[in-house]
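Subject: Structure handover and notes

Dear colleague,

I am passing the structure on to you with this message, and my notes on it follow below. Please read them with the coordinates open beside you.

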Amino acid sequence: MELLVASAVGILTAAGIYLILRRRSFPVILGLSLLTYAVNVFLFATGRLATAAPPILNKYEEAVYTDPLPQALVLTAIVISFGMTAVVVMIALGAYLSSRDDRTAMPAEAEGAGEDA
Amino acid sequence: MNHLLIAPVVLPALVAPFIIMVLRHHLDLQRIFSVASTVLLAGIALTLAAHAADGTVYVYELGNWPAPFGIVLVADRLSAMMLVLTSVLALPVVLYAIGSGWDTRGSNFHALFQFQLMGIMGAFLTGDAFNLFVFFEVLLIASYGLMIHSGGTRRFQAGVQYVVFNLLGSTLFLFALGTLYSVTGTLNMADLAVKVAQLPAEDTALLRAGAVMLLLVFAIKAALLPLHFWLPSAYANAPMPVAALFAIMTKVGAYAILRMYTLVFGPEVAATAGLTESWLLPAALLTLAAGAIGVLGSKKLGRLAAFGVVTSMGTLLIAISLFTQTATAAALYYLVHSTLAAALLFLVADLVIERQGPWILPQLPMPQTGLISALFFAAAIALAGMPPLSGFLGKLLVLDATRGTGLAAWIWAVILSGSLITIIGMARAGSLLFWKGHGLPLENLDTSEEPPLEQPPARPASLPFAACFSLLAGLVGLTVFAGPATRYAEATAAQLFAPAAYIETVLGKEAE
């Protein structure tokens with residue numbers, strides 16, 4: 001299971017970085033989403049992997065329980081990354097609609113005056 | 001005192017939604033509430049600083065849960081100082097934005113401004129590494145909105161770059177936190193400090209990886225050289241008053257480096273020894289050099305001011321990267337100065353840009369050219385670190401603190417030649433903008449309009465000037481009261497390098 005989770009995080013990260021390096025808004029946004037999936041799985045695994053163990057201490061039986069804190073961290077991270085994805089989609093859409101160009105690199109500074117601020 | 005500690009976070013967090021939901025269509029009321037909230041924040045920050053000045057560490061436990069399990073807010077001298085700096089910076093900036101009409105050029109300026117303040121205040125107060133991430137996100141989300149305020153193609157394009165880069169930084173932040181958590185089992189900073197010090201020395205590979213990733217994240221925020229390239233285009237294309245507020249955001253990165261690398265990964269901790277010294281200082285030197293060259297080569301006033309921020313971050317990080325008590329005291333004094341100076345330069349740049357466009361070219365004298373050129377001169381000598389303003393004292397303190405370290409010759413050479421290049425760049429821009437225009441032959445100019453001199457200014461523009469002069473007054477005050485200011489900085493540095501009291505206060509109630 002460790003191997004599976006670790007390679008999943010690795011593959012997601014690699015794919016995310018590859019897409020971000022494409023420097024077009026849509027691949028970049030997809031790449032960021034893949035990266036946040038990778039980081040969420042990674043955070044989830046930081047409390048050690050365990051199956052079928054409850055995330056809270058059960059006082060009625062001597063059961064093992066998993067670390068609840070990573071689950072809380074992942075929840076927060078998911079909410080934040082969701083909001084961030086919405087923001088970046090809106091801004092990228094605004095940039096595309098106003099410039100008709102979906103490259104995320106800045107165009108070179110034009111020489112001379114006469115351009116809007 | 002008890003609940004005052006959380007007020008800097010709660011107050012803007014209440015005012016901002018109120019402005020959005022209730023006052024959406026009442027610009028005047030929005031302005032009143034925004035200014036009142038900022039004034040109140042300044043009052044709260046000053047009260048907190050007065051309490052913390054005697055060296056007491058104040059802890060606020062959210063939901064009354066004791067420290068390693070619950071979330072805590074901590075106010076010590078450093079946090080209180082940063083809170084005061086933020087509120088003192090925010091007040092002129094919001095007044096300027098109102099006076100120059102920037103807040104009418106897009107929607108929700110004041111609400112975003114308050115959210116931004118909330119994030120910054122929270123980042124300075126939190127005593128928990130994960131909450132540091134959360135507050136970073138709050139201030140970043142607000143800054144995305146402010147950065148593209150009033151729109152425009154270039155601003156949107158710069159905004160996309162800024163957002164994507166910061167999202168990458170946030171992802172790296174989470175990876176770093178996950179690594180630290182998997183090693184130590186805690187994310188409370190004081191608890192981390194205890195756990196990291198107890199870790200066996202041979203078992204620290206993962207911890208070192210986490211610490212390096214964390215340093216990279218803070219270096220992104222602080223615009224350290226290989227990671228600085230987002231800053232000039234983002235700041236230069238943001239509305240100038242917003243960029244003036246952003247002057248504190250690079251300092252959030254510097255603050256986080258100071259906090260984490262004195263408290264958790266302190267110089268004497270064996271697990272992470274030698275982690276920062278080897279490359280933080282060279283990177284800071286290169287940052288200063290790159291910033292100075294950028295100032296010299298800028299064709300637009302906004303970029304000039306943005307590279308000014310890069311130079312000041314270079315100087316600041318040189319002082320921080322030494323991790324000695326005297327150097328940290330110098331860094332803190334310079335931090336206050338450079339924030340105010342950079343903000344002043346951005347506001348003056350906006351005054352010029354509003355009158356004659358963003359390019360540094362010879363132009364006809366503009367309305368109020370005398371006042372603006374005087375302000376530009378003051379901002380330039382402040383940022384370059386010339387006497388009589390506090391930049392000179394700050395650089396002197398930094399230079400003095402590097403005496404005796406192995407790399408002193410390098411540091412002196414880079415800081416002094418960086419200052420010289422900055423002065424030349426500023427002088428070039430100032431003389432092109434304010435002097436060269438007087439010699440322009442009149443027939444070359446567009447005479448279809450009235451000459452700008454005879455037009456009355458579109459608005460009664462006293463408020464922007466008041467904002468600029470109050471920032472300048474802050475710089476002058478920092479110079480005049482340099483004695484008390486450096487004493488406070490030294491006491492703060494002493495507190496930072498003796499973290500036992502901090503750790504005891506945060507974890508104390510649990511040990512009892």
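At 42% relative accessibility, Asp400(B) counts as partly exposed, and this residue makes a convenient place to begin, with the reminder that the model is a predicted one. Its salt-bridge partner is Arg403(B), and the closest N and O atoms of the two are 2.4 Å apart. Arg403(B), for its part, counts as exposed, because its relative accessibility of 57% lies over the 50% cut-off.

Over all chains, the structure holds seven salt bridges, and two others deserve a description here. In chain B, Lys195(B) is joined to Asp191(B) with a distance of 3.3 Å between the closest N and O atoms; the two residues are four apart in helix α7 (residues 189-198) of chain B, so about one helical turn separates them. Lys195(B) is partly exposed, its relative accessible area being 30%, whereas Asp191(B), at 10% relative accessibility, counts as buried. In chain A, the side chains of Asp101(A) and Arg103(A) meet in a salt bridge at 3.5 Å, N to O, and here both partners are partly exposed, Asp101(A) with a relative accessible area of 23% and Arg103(A) with one of 46%.

Turning to the interface, how many salt bridges does the rule find between chain B and chain A? The count across that interface is zero, although four residue pairs, both residues being at pLDDT 80 or more, are found in polar contact across it. On the side of chain B that touches chain A, the elements that give two or more residues are α5 (129-147), α6 (153-184) and α9 (230-237) of chain B, and the largest share, 20 residues, comes from α6(B). Sorted by class, that side of chain B has 20 nonpolar, ten polar and six charged residues. The contact as a whole takes 36 residues from chain B and 41 residues from chain A, and the two chains bury about 3,600 Å² between them, with 74% of that area on carbon and sulfur atoms.

The aromatic residues are the last topic. By the rule applied, there are 18 aromatic pairs over all chains. In one of them, the rings of Phe109(B) and Phe113(B) have their centres 5.9 Å apart and their planes at 25°, so the pair is stacked. Both residues lie in helix α4 (residues 109-125) of chain B, four residues apart, which is about one turn of the helix, and both are buried. Phe124(B) and Tyr255(B) form another aromatic pair, this one edge-to-face, with 4.9 Å from centre to centre and 80° between the planes. Phe124(B) lies in helix α4 of chain B and Tyr255(B) in helix α10 (residues 240-263) of chain B, so this pair ties together parts that are 131 residues apart in sequence. Each of these partners counts as buried, Phe124(B) at 0% relative accessibility and Tyr255(B) at 3%.

Finally, there is an aromatic cluster in chain B that you may wish to display, formed by Tyr144(B), Tyr162(B), Trp230(B), Tyr235(B), Phe246(B) and Phe346(B).

With kind regards

Key:
Residues are numbered from 1 along each chain as its sequence is written. Chains are lettered from A and ligands numbered from 1 in the order in which they are written. This is a predicted model: local features need pLDDT of at least 70, side-chain atom pairs count only at pLDDT 80 or more; totals for chains, interfaces and linings use all residues. Side-chain values use heavy atoms; hydrogens and water are left out. Contact means heavy atoms within 4.5 Å. Buried area is the accessible area (1.4 Å probe) that two parts lose on being put together, summed over both. A salt bridge is a side-chain nitrogen of Lys or Arg within 4 Å of a carboxyl oxygen of Asp or Glu. A polar contact is a pair of N or O atoms within 3.5 Å; within protein, one must be able to donate a hydrogen and the other to accept it, and residues adjacent in sequence count only if both atoms are side-chain atoms. Ala, Val, Leu, Ile, Met, Phe, Trp, Tyr, Cys and Pro count as nonpolar, Asp, Glu, Lys and Arg as charged, and the others, Gly among them, as polar. Buried means under 20% relative accessible area, exposed over 50%, partly exposed in between (1.4 Å probe, protein chains only). Rings of Phe, Tyr and Trp (its six-membered ring) pair if their centres lie within 6.5 Å; planes under 30 degrees apart count as stacked, over 60 as edge-to-face and the rest as tilted.
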